[in-house]
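I opened this notebook to look up charged side-chain pairs and cysteines. The entries follow in the order I made them.

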Amino acid sequence: MSAQVDQLKAELLELALEAAHRAGALLLDGRPGELEVAATKSSAVDVVTEMDLASEKLITGYLSERRPDDGFLGEEGASFEGSSGVRWVIDPLDGTVNYLYGLPGWAVSIAAEFEGETVVAVVEAPPRRETFRAALGHGAFCNAKPLHCRTAPPLDQALVGTGFNYVAERRAAQADLVRQLIPRVRDIRRSGSAAIDLCDVAAGRLDAFYERGLHAWDLAAGDLVAREAGARTGGRPGLPADGDLALAASPGVFEILQPLLDRLGAWHD
């Protein structure tokens, strides 16, 4: 049975890599060079929404042609239970504001679950020319390079990534938490893409990343990449990462930061 599951992982990973590559190319080539953020109230945002939808349609179309019995969960509305035991969890454009402004921090995120467990992950970041991938039990890679999270520093030397919600009240609460946290760490970073932040923990570019308000499609792929690179991931103490709190960090940082975030109330507004 183990050999069959490994064969399934290999098949799913190959499909995820190709789907993410195609979607990444669509987004990179399809973004108008003259896109103006402040042109009108809706024009620029409409273009980004259209690209987001086109990316999800490309991914789900490609995967469903090859595995018609699989399920889907996508940010832009793809939802299908399937009958194969496999479900694809898709964020077709993570970092939409970065994409809108022409910043490089955006990615295509695709994860595959088998019987409820994430087994394959791909995060394609075309502007950075990086493809992160992982298969459960087989390590994590960026392009061809194996990934390993950083050796844990003391918390006051840890570089910590985070993100902020678009709801004003929640943003205010998150900002207050950062105010309390920043004297205790080296510094804070905010990239605008949870998928990339999780992969940057895996690559040793961040010591930790946390955020409240993420969805399954924001987390699924990056969480597996981080874990396969040796990081620990979770939510509140004893719980998995979820919409209340998602945390990924080098193990030593995780042990200190998780209870601290819990005490500071990172899991509520």
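Before starting, I fixed my terms: a residue is buried under 20% relative accessible area, exposed over 50%, and partly exposed in between. I also noted that the model is predicted.

Entry one, the total. I searched the whole structure for salt bridges and found 18. I then looked up a few of them one by one.

Entry two, aspartate 200 and arginine 205. I found that these two side chains form a salt bridge, with 3.0 Å from N to O. I asked which other residues are joined to Asp200 and Arg205 through shared salt-bridge partners. Arg128 and Glu130 belong to the one network with them. Next I checked how accessible the two partners are. Arginine 205 has a relative accessible area of 39%, so I list this residue as partly exposed. Aspartate 200 has 9%, and I therefore list this residue as buried.

Entry three, aspartate 207 and arginine 150. A salt bridge joins these side chains at 2.9 Å, N to O. I asked where in the chain the two partners sit. Aspartate 207 lies in the loop between helix H5 (194-202) and strand S11 (208-211). Arginine 150 lies in the loop between strand S8 (145-146) and strand S9 (159-162). The partners are 57 residues apart, and the pair links distant parts of the chain. Is aspartate 207 buried or exposed? I wrote down buried, because its relative accessibility is 3%. Arginine 150 reaches 39% and so counts as partly exposed.

Entry four, arginine 67 and aspartate 70. I found a salt bridge between these side chains with an N to O distance of 2.5 Å. I looked up the accessibility of both arginine 67 and aspartate 70, and both are buried.

Entry five, the cysteines. I asked how many disulfides there are, and the count is zero. To be counted, a pair of cysteine sulfur atoms has to lie within 2.5 Å. I looked at cysteine 142, and the nearest cysteine sulfur belongs to cysteine 199, 8.0 Å away. Cysteine 142 is in no disulfide. At 10% relative accessibility, I list cysteine 142 as buried. For cysteine 149 the nearest cysteine sulfur is also that of cysteine 199, here 13 Å away. Cysteine 149 is in no disulfide either. Its relative accessible area is 16%, so I list cysteine 149 as buried.

Conventions: Residues numbered from 1 in each chain as written. Predicted model: local features only at pLDDT ≥ 70, side-chain atom pairs only at ≥ 80, totals over all residues. Heavy atoms only, no water. Buried < 20%, exposed > 50% of the residue type's maximum accessible area, 1.4 Å probe, protein only. Helix = DSSP H or I, 4+ residues; strand = E, 2+ residues; numbered from the N terminus.
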